[in-house]
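Take a look at the structure below. We will walk through the chain, then the ligand, then one unusual residue.

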Amino acid sequence: MTSLVDGRSRISRATRGRVAWAVLPVAVVVGLAAADDRAPYGKESITRGRTVYLQNCQDCHGDDGTAKGSAIAVAPDLTDPSAWKFTKTDSDIFSNIKNGAGDNMPPFGPLGPGLKDSEIWDLVNYIRSLGPERLRPRP
Ligand code: HEC
């Protein structure tokens, strides 16, 4: 009996794995194609990113990115990359904003309010400016 249950959970894990691998190349292609729209890390891009952030993100992630006092309890602190679940690289930040993340992070690309790739890259630069200095892109 126990082994039957184990067997079933192995199959569902494998299926989940296949789905993840099927989505990955799409995410990679979107990430590569979009990289052309990235403005250099620096004051101008960060300022634009902050404006887009305050219009779209602060309700859940807080006006300073820390998500303190957020109505959405599971919204992560964007100033602390060590607490992130889905996001390591700059392209991860980009695709999680564009396409959404987890169960409760909505998409902001074409499936959402339609932020442009260049605006999403400004957001990436802004978020990096809030986080630890060692993870910031070179200007
Ligand atoms: C409706 C609330 C809401 C809004 C608005 C929102 N987020 Fe999120 N965001 C979340 C939640 C909740 C999660 C965590 C998802 C999960 O754990 O299932 C998340 C996750 C993320 C992550 C991934 C962090 C990780 O753990 O890897 C990033 C990056 C992010 N948000 C950036 C943004 C940016 C930038 C904006 C504005 C364009 C934004 N979010 C707007 C709720 C929101």
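Residues 24 or more positions apart make up 54% of the protein chain's contacts with a separation of 6 or more. Keep in mind that this is a predicted model.

Now trace the chain from its N terminus. The elements run α-α-α-α-α. That gives five helices and zero strands. The protein chain has 139 residues, and 22% of them are buried.

Next, turn to the ligand. How many residues surround the ligand? The count is 25. The closest are Cys-57, Cys-60, Thr-87, Gly-102 and Met-105. Which helices each supply at least two residues of this shell? Both α3, which spans 58-61, and α4, which spans 90-99, do so. Sort the shell by class, and you find 16 nonpolar residues. Another six are polar, and three are charged.

Finally, find Ala-67. This residue sits in the loop between α3 and α4. Those two helices are also the ones that each give at least two residues to the ligand shell. Look at the backbone of Ala-67. Its phi is positive, at about 65°, although Ala-67 is not a glycine. Is Ala-67 buried or exposed? Count the C-beta neighbours inside 10 Å: Ala-67 has 22. A residue needs 20 or more to be called buried. Ala-67 therefore counts as buried.

Methods. Residues numbered from 1 in each chain as written. Predicted model: local features only at pLDDT ≥ 70, side-chain atom pairs only at ≥ 80, totals over all residues. Near = placed C-beta within 6 Å. Helix = DSSP H or I, 4+ residues; strand = E, 2+ residues; numbered from the N terminus. Nonpolar A, V, L, I, M, F, W, Y, C, P; charged D, E, K, R; others polar. Buried ≥ 20, exposed ≤ 12 C-beta atoms within 10 Å, placed from the backbone. Contact = placed C-beta atoms within 7 Å.
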